[in-house]
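Notebook open, model loaded. I'll jot down what I look up as I go.

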Amino acid sequence: MTDSIARQQLLYVQDQASDDEIARQAELYGPLTDSVRELIEVALLTEVDDPEVRAALEHIESAKRLLRQRINPGPYGVRWGASGQKRAWGNAAAGLRNAVAPPLIVECDPDGRARVDFHLGSAYEGPAGLTHGGVSALVLDQVLGAAAEAAGAPGMTGTLTLRYRRPTPLGALHAEARIDRVEGVKTIVTGHLSGPDGVCVEAEGVFILPRWARGKDSAAVSDPA
Ligand SMILES: CCCCCCCCCC(=O)SCCNC(=O)CCNC(=O)[C@H](O)C(C)(C)COP(=O)(O)OP(=O)(O)OC[C@H]1O[C@@H](n2cnc3c(N)ncnc32)[C@H](O)[C@@H]1OP(=O)(O)O
């Protein structure tokens, strides 16, 4: 096993947090994350005068000093509580503590289907007024991966193939996925991302249970938010 795989495995942690403690943390950190996400949007779009921008910066620096007083060196990893509840709160697409995440709150069925309605604001812009193609890939990677995981066939993304059929607007969007087939350690999942005018991006993903995780509890590579 390489050092990087060994290091990665140390970030899958059974911390035995109780459901009450997890709920407390979600109530505490969820609003902080939402506020920082809004801050990203407001910082991007504000048109106030220079003194107000400088004053806002001082407040933000002060908030950072407060929060840095005790800090996890990171990354967050994936944690399981005492009841088996998982937290992938650092996940870039769905993490409850990650302000970069849109966030995606993906609904899954055990037969390998997943869907999510979500909103992309101005921070996800690529072409003027449109969603960045890499952000569409992020969303589809997460939703297709969630479908594989929901059916008990989780894996790392081996190949993700996208077809951008029409520009993806910002705003209210939908993505869904379903397992097409399972071939040994490979799970092939298809899906799409759509906007108000129909399908914008089609996707096919090959999710592979990595060699190091074979024969272990499949949760070792699953990564729900
Ligand atoms: C609820 C939330 C669910 C979570 C959603 C998560 C979504 C996000 C997921 C990610 O972002 S994962 C991060 C991006 N992906 C990676 O970083 C993967 C990096 N690559 C690897 O770790 C390994 O190359 C990989 C695990 C993909 C495969 O390595 P293995 O050593 O385990 O594969 P192996 O050589 O044993 O091959 C197994 C099978 O897979 C095939 N294969 C290997 N690499 C492949 C590849 N890249 N694409 C397609 N097929 C591949 C290989 O031909 C073979 O097919 P057969 O079984 O038919 O012989």
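**Entry 1: Ala56 and its helix**

I started at Ala56, which is partly exposed, with 15 other C-beta atoms within 10 Å. The cut-offs I used: buried means 20 or more other C-beta atoms within 10 Å of a residue's own, exposed means 12 or fewer, and partly exposed is in between, with C-beta atoms placed from the backbone. Before going on, I note that this is a predicted model: local features need pLDDT of at least 70, side-chain atom pairs count only at pLDDT 80 or more, and totals for chains, interfaces and linings use all residues. Residues are numbered from 1 along each chain as its sequence is written.

Ala56 sits in helix H3. Helices (H or I, at least four residues) and strands (E, at least two) are DSSP runs here, numbered from the N terminus. Is H3 buried or in the open? I counted 0 buried among its 18 residues, so H3 lies largely in the open. From first C-alpha to last, H3 reaches 26 Å, close to the 26 Å expected at 1.5 Å a residue. That expected span is 1.5 Å times one less than the number of residues in the helix.

I also checked Ala56 against Gly126: they are 70 residues apart in sequence, and their C-alpha atoms are 26 Å apart in space.

**Entry 2: the kinked helix**

Next I looked at H2, residues 19-45. H2 has 27 residues and its end C-alpha atoms are 38 Å apart, close to the expected 39 Å. Where is the kink in H2? I find it at Tyr29, about 25 degrees, shortly before the proline Pro31. The bend at a residue is the angle between axes fitted to the seven residues ending there and the seven starting there.

**Entry 3: the three-strand sheet**

I traced an open sheet of 3 strands in the order S1-S2-S3, with mixed pairing. Its edge strands are S1 (12-14) and S3 (86-87), each pairing on one side only. Two strands pair if DSSP finds at least two bridges between them. S1 and S2 (residues 78-80) run parallel and are joined by 3 bridges. For one contact to click on, Val13 has Arg79 in S2 as its bridge partner.

**Entry 4: backbone oddities**

A reminder to myself: most residues other than glycine have a negative phi, and most peptide bonds are trans.

Gln16 has a positive phi of about 60 degrees although it is not a glycine. I located Gln16 in the loop between S1 and H2. Gln16 counts as exposed because it has 11 C-beta neighbours inside 10 Å.

Which residues does a cis peptide bond join? Gly74 and Pro75 are one such pair, with omega at about -5 degrees. Pro75 belongs to the loop between H3 (50-67) and S2. Pro102 and Pro103 are also joined by a cis peptide bond, omega about -5 degrees. I place Pro103 in the loop between S3 and strand S4 (107-109).

**Entry 5: the hairpins**

I then followed S7 (residues 171-183) into S8 (residues 186-195), which pair in the antiparallel sense over 9 bridges. Ala175 has Leu193 in S8 as its bridge partner. The two strands form a hairpin with 2 residues between them, and Gly184 in the turn has a positive phi of about 65 degrees.

S8 also pairs with S9 (residues 198-208), antiparallel, over 10 bridges. There, Lys186 is matched with Ile208 in S9. S8 and S9 form a hairpin too, with 2 residues between them.

**Entry 6: the whole chain**

I count 4 helices and 9 strands in the chain. The radius of gyration is 19 Å, close to the 17 Å that the globule rule gives for 225 residues, so the chain is as compact as a globular protein of that length. The radius is taken over C-alpha atoms, and the rule is 2.2 Å times the number of residues to the power 0.38. The C-alpha trace spans about 60 × 45 × 35 Å along its principal axes. Buried residues come to 28% of the 225.

How is the chain divided? I have domain 1 as 1-92 and domain 2 as 102-225, with bounds from an automatic or database domain assignment. Their centres, taken over C-alpha atoms, are 23 Å apart.

Last lookup: the unreviewed UniProt entry carries the annotation "domain: Thioesterase" over residues 129-190. UniProt positions are in the numbering used here, feature names are shortened, and annotations may be inferred rather than shown by experiment. In the model, residues 129-190 are 29% helix and 44% strand, with the end C-alpha atoms 27 Å apart.
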